[in-house]
Amino acid sequence: MSALRFSESVSARLEDGVLLVTIDNPPVNALSAHVRTGLAAALNHAAGTVEIAGVVLTGAGRAFIGGADIREFGKPPVEPSLPDVVGRIEAFDKPVICAVNGVALGGGCEVALACHGRIAVETAAFGLPEVKLGIVPGAGGTQRLPRLVGTLAAIDLIGTGRTVKSLDAMALGLADAVSAHPVATAASLVRQVAGQPLRRTGSLDVPPVDDDALDAAAAKVLAKSRGQSAPAEAIRLVRAAGGVDLEAGLAEERATFLRLRDSTESAALRHVFFAERAAGKVEQLEGITPRRIETVGIVGTGLMGSGIAVAALTSGHRVIGLEQTPEAAAAGMGRIAGLLDKAVQSKRLTAAALDACLARLETTADASALAAADLVIEAVFDDLAVKTDLFRRLNGIVRPDAILATNTSYLDPDAIADATTDPRRVLGLHFFSPAHIMRLVEVVDCAKTAPDVLVSALAFVKRLGKLPIVSGVTEGFIGNRIFSAYRREAEFMVEDGAEPQAVDAAMEAYGFPMGIFAVNDMAGLEIAWARRKRQAATRSPDERYVEIADRLCEAGRLGRKTGRGWYAYPDGVRTIDPNVTAIIDAARAAKGIVPRNFTAEEITDRLLKAMVDEGAALLAEGIAARPGDIDLVMINGYGFPAHKGGPMFAAGRHEERTA
């Protein structure tokens, strides 16, 4: 039989009494209006055609259904709504079995939940990630999932938004079977159950569960939510599924979904979602082909270099780690292997993958080994003389077409590039520590960086599974320049009367995992101290300068590593230290400052304004391309709460509210 077309994205063919319906709405088969219309039309056709015993739903490409069409948020609704389509599937008189050929996320998972059976290919994944957009599932996910997998698993999956692979989904009861040929298996199941009573998810009873276990599961999710509303609402709805009928549960879920969808929190997280889509895109680079990067040289295998090596190895690259001595090279091999072993222990890596990574790893003290590298990243001590000397030596070792990248945090990469014979192949790759864990990489476009070098670096970072943000050259690039302004303003307030712990408490209440002074202690105070000393000769005498951090460093208080910084750390526990209070009091007295009180709101407002003002300057100077890039840097590199959207987004919403 020839193919039937029910909308621009939904087609079908009849095969031995089964209507095989395919959704083809690239790139992820999102549930756009024409998909929903097509599914409704396909069901109508199946209902009215006697020779059709049932329906198989599947997706084209590598996705089943990747979720709702987020572009429809905030626009007038278009019928049929997703809840109506999902309800129609579940209530359908003939069996509807889904052949999950790839990801079934959000609304796609809700469609699968409503089907009368779920057959998945082994590489498929199921998830309800709506909380990551500040909302809850809005088409039955919070009510149907606990009926299938139980309340505890549903709280975990919906409250965190995490996905599960097919085999885990089958173990939970979310998938009925895993098949290499899911469409054929699903069609066979349709024929098997046709004419029999169908298993409708919404009609199942929620399995009973102990209240203490429920409370513990909820507390575990909420502990990680950092003040977001959506996880708590999701938990409430999942728990309610065990005490109300499906219709009442669906009504409450939909009302909650609509309320959250229109919230500032959801708007912020959607902003982050779209900002990530735009990240790393440079208009003038479109159409330029990246160079092939398979072998990565890493100079320096300390904490940073080892992390970069692990990120490169686990994404399939060959790695050559260079050290100064054979003993240091052996130690570097041990550090890298240790990080890989930890990934196996935490089940982020299989034992077989570990062996494959180690087979692609070489550490050496012989610099000539870097001749095989397509890209060389230096991760040596952050000193300009050290780095420029290294790049001069690399000139005579690496291939002419190899890319050179510096991982400096604050130094001028243009000065480093000028130490080479071909600065066009040099750029910055500023990884954040620990480099194998942190997503963010600032890709620094130097004055003479060739376009294809920049494109190649962006492609490399994406292959690592990381988030590349392009930055121009300025001291500290995007993130550290804003962080410096943030720290400077915090120190102004401390000198004027705020206590460090009060500043930290205000920012943690806002949603940061740690306040600025606790972060400084964790990172170590000596790097910023060295930077301040470098700047001392050129600092204007009219510029306000707070010396408290310098006094701490001079006293050997360099942060957690020394057990003392802005705080003391007896037994590793952050504790207010009266010695720090005395240093602060002395600094105030030396300037004749009478300390005053600061409210938490004043602290957060001033610190956010400092970030926004610096961000605006970065945009004006062309260092950052978009406000969203700045927001992503601060969220992914400095702990800015994602549900606030980043400093630039938060400032825009504040202006809207006060206008």
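I began with strand S15 (residues 375–378) of this predicted model. Its residue Val376 is the bridge partner of Gly297. Gly297 belongs to S12, and I found S12 and S15 paired in the parallel sense over four bridges.

Next I looked at the other pairing of S12. Five bridges join S12 to strand S13 (residues 318–322), again in parallel. Here Val296 has Val319 as its bridge partner. I followed the chain from S12 through helix H12 (residues 303–314) to S13 and noted a right-handed β-α-β crossover.

Is S12 mostly covered or mostly open? I checked residues 295–299, and five of the five are buried. Thr295, Gly297 and Val299 point one way, while Val296 and Ile298 point the other way.

Then I turned to helix H7 (residues 182–193). Its twelve residues reach 16 Å from first C-alpha to last, close to the 16 Å expected. I listed its buried residues as Pro182, Ala186, Ala187, Leu189, Val190 and Val193. They lie on the same side of H7, because they cover an arc of only 160° around the axis. I found them packed against strands S3 (18–23), S4 (54–59), S6 (96–100) and S8 (117–120). Just after H7, I noted a positive phi of about 85° at Gly195.

Last, I looked up the cores. The largest nonpolar core has 68 residues, and Leu57 and Phe126 touch the most other members. Setting aside residues up to four places away in sequence, I saw Leu57 touch ten residues' worth of neighbours, including Val21, Phe64, Ile97 and Cys115. Apart from this core lies another, of 57 residues, with Ile478, Ala498, Cys553 and Ile635 among them.

Terms used
Residues numbered from 1 in each chain as written. Predicted model: local features only at pLDDT ≥ 70, side-chain atom pairs only at ≥ 80, totals over all residues. Heavy atoms only, no water. Helix = DSSP H or I, 4+ residues; strand = E, 2+ residues; numbered from the N terminus. Expected span 1.5 Å × (residues − 1). Buried < 20%, exposed > 50% of the residue type's maximum accessible area, 1.4 Å probe, protein only. Arc of directions from axis to C-beta. Contact = heavy atoms within 4.5 Å. Core = buried A, V, L, I, M, F, W, Y, C linked by side-chain atoms within 4.5 Å. Pairing = 2+ DSSP bridges. Right-handed = clockwise from strand over helix to strand, strands pointing away.
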